[in-house]
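Work through the exercises below with the sequence and the model open. Each task is followed by a solution in steps.

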Amino acid sequence: MAEPSRLRPEDRADFEAVLHLALSTADIRGALGADPTGRAAAHLRAHTLAHADDIAAAAGEPYRAYLAVRRAARHEARRPLGTGSLLPALAVLTPLVAATSAGALLLLGGLLQVTDAPGPLPGSLLAAGWTLALVAAVTGLLALAALLRTALGRRGAPTAERVEHARLAWRQALLDLAMLPHLRGQLVPRSEAAMTPCSPPDTLAPCPARAGKDRTPCSD
């Protein structure tokens, strides 16, 4: 079982926003409304913020998923530009330079052959031209494969939309699985403790709260 992740400092604002949303729900707002001074709401808010890590642990799995997506997106954004952009640039320029050079050598060698230039120069130029043409073809295929691989890799990388979706999923789980159960658990015992136990009004059994004073039935 994975250990619960502690809230990162940058996620405290989201935790407070979820707390504000939970405090505004009808049942919790109604329970806190019984205290007109507002001290109960302030105490509950301070208590919740002080125990943020323990409360958020109930939504630990969505939070870990959100952290993983966000970490991957940041890693992708911090990828160094030097090695990441130099190789694709070389892969694109090499076939272009090789093809241009091959064309020039083949053209010059062909012209020398047509003019019956003496010596081995025309043949050497043609051989060099065909060699560069082969280099251009091979490097062009390698460049195309590299570009396709880069495009596929970036398509599968985490995007801002995926990060935001994971963040919203965590906030919803934090509200439903952690925040609301905690707040209700803090409020319900106080509401029950404030009630004086007494038998139902349709019985004549004496109230336990007044049993030591008289035997007045609860029906009044």
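**Exercise 1: a helix pair**

The axes of helix α1 (residues 12–23) and helix α3 (residues 39–50) come within 11 Å of each other and cross at roughly 145°. The model is a predicted one.

Task: Determine the hand of the crossing of α1 and α3, and list the residues of α1 and α3 that make the contact.

Solution.
- Step 1. Two packed helices are described by the distance between their axes and the angle between those axes. For α1 and α3 these values are within 11 Å and roughly 145°.
- Step 2. The crossing of α1 and α3 is right-handed.
- Step 3. On the α1 side, the contact is made by Arg12, Phe15, Glu16, Leu19 and Leu23. On the α3 side, Leu44, Arg45, Thr48 and Leu49 take part.

**Exercise 2: the chain as a whole**

Task: State how many helices and strands the protein chain has, what percentage of its residues is buried, and which atoms supply 66% of the area it exposes.

Solution.
- Step 1. The protein chain has eight helices and zero strands. Read from the N terminus, the order of elements is α-α-α-α-α-α-α-α.
- Step 2. Of the 220 residues, 24% are buried.
- Step 3. The chain exposes about 14,500 Å², and 66% of this area comes from carbon and sulfur atoms.
- Step 4. Take the contacts between residues at least 6 apart in sequence: 69% of them join residues at least 24 apart.

**Exercise 3: salt bridges**

Task: The structure holds 11 salt bridges. For glutamate 10 with arginine 70, aspartate 53 with arginine 12, and arginine 45 with glutamate 16, give the N to O distance, then locate and classify the partners.

Solution.
- Step 1. In the salt bridge of glutamate 10 with arginine 70, the closest N and O atoms are 3.3 Å apart. Glutamate 10 lies in the segment before α1 and arginine 70 in helix α5 (residues 60–77), so this pair ties together parts that are 60 residues apart in sequence.
- Step 2. Buried means under 20% relative accessible area. Arginine 70, at 9%, is therefore buried, whereas glutamate 10, at 40%, is partly exposed.
- Step 3. The side chains of aspartate 53 and arginine 12 meet in a salt bridge with an N to O distance of 3.3 Å. This pair links distant parts of the chain, with aspartate 53 in helix α4 (residues 52–56) and arginine 12 in helix α1, 41 residues apart.
- Step 4. Aspartate 53 is buried because its relative accessible area is 16%. Arginine 12 is partly exposed at 29%.
- Step 5. For arginine 45 and glutamate 16, the N to O distance is 3.9 Å. Arginine 45 is in helix α3 and glutamate 16 in helix α1, so the pair ties together parts 29 residues apart in sequence.
- Step 6. Arginine 45 has a relative accessibility of 29% and counts as partly exposed; glutamate 16, with 35%, is also partly exposed.
- Step 7. Salt bridges with shared partners join Glu10, Asp11, Arg70 and Arg74 into one network.

**Exercise 4: two residues of helix α8**

Task: Are histidine 182 and leucine 183 buried or exposed, and which residues do histidine 182 and leucine 183 touch?

Solution.
- Step 1. Histidine 182 lies in helix α8 (residues 160–193), and leucine 183 is found in helix α8 as well.
- Step 2. Histidine 182 has a relative accessible area of 18%, so it is buried. Leucine 183 is buried with a value of 0%.
- Step 3. Leaving out residues up to four places away in sequence, histidine 182 touches His47, Thr48 and Ile55. With that exclusion, leucine 183 touches Leu19, Ala22, Leu23, Ile28, Leu44 and Thr48.
- Step 4. Leucine 183 and threonine 48 are 135 residues apart along the chain, and their C-alpha atoms are separated by 8.0 Å.

**Exercise 5: a surface patch**

Task: Identify the residues of the nonpolar patch on the surface and the helix that gives the largest share of the patch.

Solution.
- Step 1. The patch is formed by Val92, Leu93, Leu96, Val97 and Leu147, which together have about 440 Å² of accessible area.
- Step 2. Helix α6 (residues 81–114) contributes the largest share, four residues.
- Step 3. Leucine 93 is found in helix α6. Its relative accessible area is 48%, so leucine 93 is partly exposed.

Terms used:
Residues numbered from 1 in each chain as written. Predicted model: local features only at pLDDT ≥ 70, side-chain atom pairs only at ≥ 80, totals over all residues. Heavy atoms only, no water. Patch = residues over 30% accessible without salt bridge, like charges linked within 9 Å, V, L, I, M, F, W, Y side chains within 5 Å. Areas by Shrake-Rupley, 256 points an atom, 1.4 Å probe, with all protein chains shown as cover. Salt bridge = Lys/Arg side-chain N within 4 Å of Asp/Glu carboxyl O. Helix = DSSP H or I, 4+ residues; strand = E, 2+ residues; numbered from the N terminus. Buried < 20%, exposed > 50% of the residue type's maximum accessible area, 1.4 Å probe, protein only. Axes fitted to C-alpha atoms, helices over the stretch in contact; angles between N-to-C directions. Left-handed = near helix turned anticlockwise from the far one by under 90°. Contact = heavy atoms within 4.5 Å.
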